[in-house]
Amino acid sequence: MNETYFHSVRLDADKCKGCVSCLKRCPTNAIRVRNGKAYIISERCVDCGECIRICPHHAKYAERYSLNEILDYKYRIAVPAPSLYGQFNNLENVDYVLTGLKKMGFYTVVEVALGADMVAQAESKELAEKGLLTSSCCPAFVAYVKSAFPDLAKYISHNLSPMATLAKYIKETDANSKVVFIGPCTAKKAEAVATRYGKEAVAVAIFMALEGKSILEIRDYIDKHYYPMNFTLEAIRGDYTFDVTCQGSVPQAIMAFFESTDFEDAIRNAVSLGGDADTQAAIAGSIAEAYYGIPSEIRKLALTFLD
């Protein structure tokens, strides 16, 4: 199945000496040295962060964002991981940290532990239904299984990580809030970036369709700036499974539009994958509506189902 990769691990080429320390310690053999500089093999990297920890020249680092980016939002919500409290010696009460975050400018603080409770409840129901299940709480673990043991990928829980589950809940409750995750996990940064790319890619595709751009022009732009569209629905349909992650569902839904001949065909393409059908059909259909328009007979029939 086609996967699209977004990584939070970055290389400062000026600092890299090609010493191979990261190459020797990478648990997934995702690093090579080319022209005297480290090179990350995208499809093998799981963003575990081991190369960042081991690099003696500090040439590897995690994607960084400035706190100034959140100042335009009135409701700034901090989402700290439990590991945050371990950064303080002799912390008598976690409320000291939570209060400190609010004094830094956050409107409120919601702990990731709440997301963990939400995921645990959802996974318990999924386990009862399937009988065999591995957790999806760690994005690095999920990426590793998909890369090294693809036959076992079908046993990974379809739930998002606790961080992503909580962020999704907060945004659904208040779309105007800005959620800021605070934690040491480089893989979760990659997960957050992938989620952001998904929303942007769909919005851009719709905008370009409304502007009268051709399918080829839209596809070239998405391929260059968001997702590599180097696959076909026919090639992935046999092994494709339900996947709620952006990288595992959005590019496939967009491809359903790219391979379509009309509005209805785009919807049928998305449903034919057998994945998160309603969401993927909504994505493909949104782009298709902007590009083709909705046939009057389909519009009239759909309206009969509404109160």
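Strands are DSSP runs of at least two residues, numbered from the N terminus, and two of them count as paired if DSSP finds at least two bridges between them. With that in hand, the hairpin of this predicted model is easy to follow. Strand β2 covers residues 31-34 and strand β3 covers residues 37-40. The two run in the antiparallel sense and are joined over 4 bridges. Between β2 and β3 lie 2 residues, and together the strands form a hairpin. Asn-35 sits in the turn, where its phi is positive, at about 55°. Across the pair, Val-33 faces Ala-38 of β3.

Next comes the empty space inside the model. Rolling a probe the size of a water molecule over the atoms reveals where such space is left. A search of the whole structure turned up 2 cavities of 30 Å³ or more. The largest cavity has a volume of about 110 Å³. It is lined by 15 residues, of which Cys-26, Ile-31, Cys-45, Cys-48 and Cys-51 come closest to its centre. Sorted by class, this lining holds 11 nonpolar, 2 polar and 2 charged residues.

The second largest cavity encloses about 90 Å³. Its lining also numbers 15 residues, and those closest to the centre are Cys-16, Cys-19, Cys-22, Ala-38 and Cys-55. Here the classes are 9 nonpolar, 3 polar and 3 charged residues.

The hairpin and the cavities can now be put together. Ile-31, among the residues closest to the centre of the largest cavity, belongs to β2, which covers residues 31-34. Ala-38, the residue opposite Val-33, is listed among those closest to the centre of the second largest cavity.

Technical notes: Residues are numbered from 1 along each chain as its sequence is written. This is a predicted model: local features need pLDDT of at least 70, side-chain atom pairs count only at pLDDT 80 or more; totals for chains, interfaces and linings use all residues. Side-chain values use heavy atoms; hydrogens and water are left out. On a 1 Å grid over the protein atoms alone, a cavity is a set of points where a 1.4 Å probe fits but cannot get out, and a pocket is an open set with protein on both sides within 12 Å along at least five of seven lines; lining residues have an atom within 4 Å of a point. Grid points are joined across faces, edges and corners, and a volume is the space filled by probe spheres set on the points. Ala, Val, Leu, Ile, Met, Phe, Trp, Tyr, Cys and Pro count as nonpolar, Asp, Glu, Lys and Arg as charged, and the others, Gly among them, as polar.
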